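Thank you all for making time this morning. I would like to walk through one model with you, going slowly from one helix to the next and then to a few single residues.

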Amino acid sequence: MKIWKAAESVKTWKVDVLNAVVVLALGVVGTYGRLSDSGLAERPLDTPGLALIVVSSLALALRRVTPVPVGAVTVGCAVAYYAARYPGVFAVVPALVAIYTAAVLGRRRLAIALAAALAVGISVPVALAEHDPEPGGLTLLSGWLAAAVVAGELSRNRRAYVREVERRAAEAERTREEEALRRAGEERLWIAQELHDSLTHAISVVNVQASVALQTFEHRPELAREALSAIRESGREAMDELRATLGVLRQAEPDGPEAGLARLPRLVDRAESAGLPVRTVVVGTRRELPPEVDRAAYRIVQEAFTNVLRHAGAASITLTTEYRPGMIVLGVEDDGESRAGETGNGMGLIGMRERAVAVGGSFSAGPRPRGGFAVRAELPTDLRAEPPTDLRAEPPVGRS
């Protein structure tokens, strides 16, 4: 950054030097060529007069670095030049450039002060002239001064506008990049949650049913066949959910059914086929839920069932679905015990909490006082309104 600023400063200084040389050439050629007339009685240009033109012109090389000294030098040289009755109007050009530069740099008071000093300084020899000045020449000085100040202000405002537009464009580009990264992160999280919920549940059911089939294969083949049928059903369900997830990723209509509370009976059937008695309680009147809330509710219940299968051993489940005004409350309780030595990485509880919070709800989980484990989620059903202030996510503890 410092190197870039230094290079930019050198480039600006070179431009100012070039401008100073151009103004000097214009002043010398214009004055010696008699291309203009001051309107006053004039004397021939001599060495002191030429020195005034040279000094005021070359001072412009530092006009942006030291605008106050440059303004004083150029105005002083112009006043001294016309006080000595030297010819032409080109000697005033460096002072006009210095006034314009002060206005561009935002030094409005300096620009006005320099313009006033130049106008007063030149008005003295004009007032003391033996004859009235001819039209043109220095009689137009007031217009030139006003034009220099106004042009400097307009240029400053335009440059500020362009800088602001560029800044906003850069900010918008940065915001777009951050938004794209945020959306990509959210989509990765969504994919991970979908795959975790569907595959973990299916694999847990398959694991339990496979154990049943192995234990009953020789003595009770009918139970083994039922377990294998349940394995096949679980595999088909997992394939349907994977197909639905991949369909969403391809921006196509999913082939399988959408995850929602309408699929709870099938989830309960699978749990019971794996040896988990399920008691279902519905409080309130069933009603249609927003798709994102419906999906989150189903996934939370599915993951809670999966945790019971993996960690609770022999247990029964009580599934409570309570429809409240503006809210649905889900509860999954079991009366089992965690298996000795079996631990989880906690991703299941974290995923359930993330799903609840994502729709503006809350989630809590932990051991029950008299044994077993309880999961509770409160999800708002009106996503257009602000979620209730008491819906704060509580950190889950216990199983994964």
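In helix 2, the residues that are buried, meaning under 20% relative accessible area, with exposed being over 50% and partly exposed in between (1.4 Å probe, protein chains only), are Gly-49, Ile-53, Ser-56 and Ser-57. Seen down the axis of helix 2, these buried residues fall within an arc of 100°, so they line one face of the helix, where the arc is that of the directions from the helix axis to the C-beta atoms. When I say helix or strand, I mean DSSP runs numbered from the N terminus, with helices being H or I of at least four residues and strands being E of at least two.

Before going on, I should say that this is a predicted model, in which local features need pLDDT of at least 70 and side-chain atom pairs count only at pLDDT 80 or more, while totals for chains, interfaces and linings use all residues. Residues are numbered from 1 along each chain as its sequence is written, and side-chain values use heavy atoms, with hydrogens and water left out.

To return to helix 2, this element runs over residues 47–58, which is 12 residues, and the distance from its first C-alpha to its last is 16 Å, close to the 16 Å expected at 1.5 Å a residue. That expected span is 1.5 Å times one less than the number of residues in the helix. At its N-terminal end, helix 2 is capped by Asp-46, which has a side-chain oxygen 3.2 Å from the backbone nitrogen of Gly-49; a polar contact here is a pair of N or O atoms within 3.5 Å, where, within protein, one must be able to donate a hydrogen and the other to accept it, and residues adjacent in sequence count only if both atoms are side-chain atoms. Gly-49, then, is both one of the buried residues of helix 2 and the partner of Asp-46 in the cap.

Now to the packing of helices. Two packed helices are described by the angle between their axes and the distance between the axes. The axes are lines fitted to C-alpha atoms, for helices over the stretch in contact, and the angles run from 0 to 180 degrees between N-to-C directions. The axes of helix 2 and helix 3 come within 9 Å and cross at roughly 160°. That makes helix 2 roughly antiparallel to helix 3, given that angles over 145 degrees count as roughly antiparallel, under 35 as roughly parallel, 65 to 115 as roughly perpendicular and the rest as oblique. Helix 2 passes helix 3 in a left-handed crossing, a term used if the near helix is turned anticlockwise from the far one by less than a right angle, and right-handed if clockwise.

What about helix 3 and its other neighbours, helix 4 and helix 5? With helix 4, which covers residues 93–104, the axes come within 8 Å and cross at roughly 150°. That makes helix 3 roughly antiparallel to helix 4, and this crossing is left-handed. With helix 5, residues 108–127, the axes come within 9 Å and cross at roughly 10°; helix 3 and helix 5 are therefore roughly parallel to each other, and their crossing is right-handed.

Helix 3 itself has 17 residues, which should span 24 Å at 1.5 Å a residue, and its end C-alpha atoms are 24 Å apart, which agrees. Its buried residues include Pro-67, Val-70, Gly-71, Thr-74, Tyr-81 and Tyr-82. The buried residues cover an arc of only 160° around the axis, which puts them on the same side of helix 3.

Just after helix 3 comes Arg-85, in the loop between helix 3 and helix 4, and its phi is near 65°, a positive value in a residue other than glycine. Arg-85 is partly exposed, with a relative accessible area of 24%.

In helix 5, I would point to Val-124, which is partly exposed at a relative accessible area of 43%, and whose C-alpha lies 7.9 Å from that of Ala-83, although the two are 41 residues apart along the chain.

Last, a residue in a strand: is Leu-330 buried or exposed? Leu-330, which lies in strand 3, is buried, with a relative accessible area of 2%, and its C-alpha is separated by 7.6 Å from that of Leu-319, 11 residues apart along the chain.
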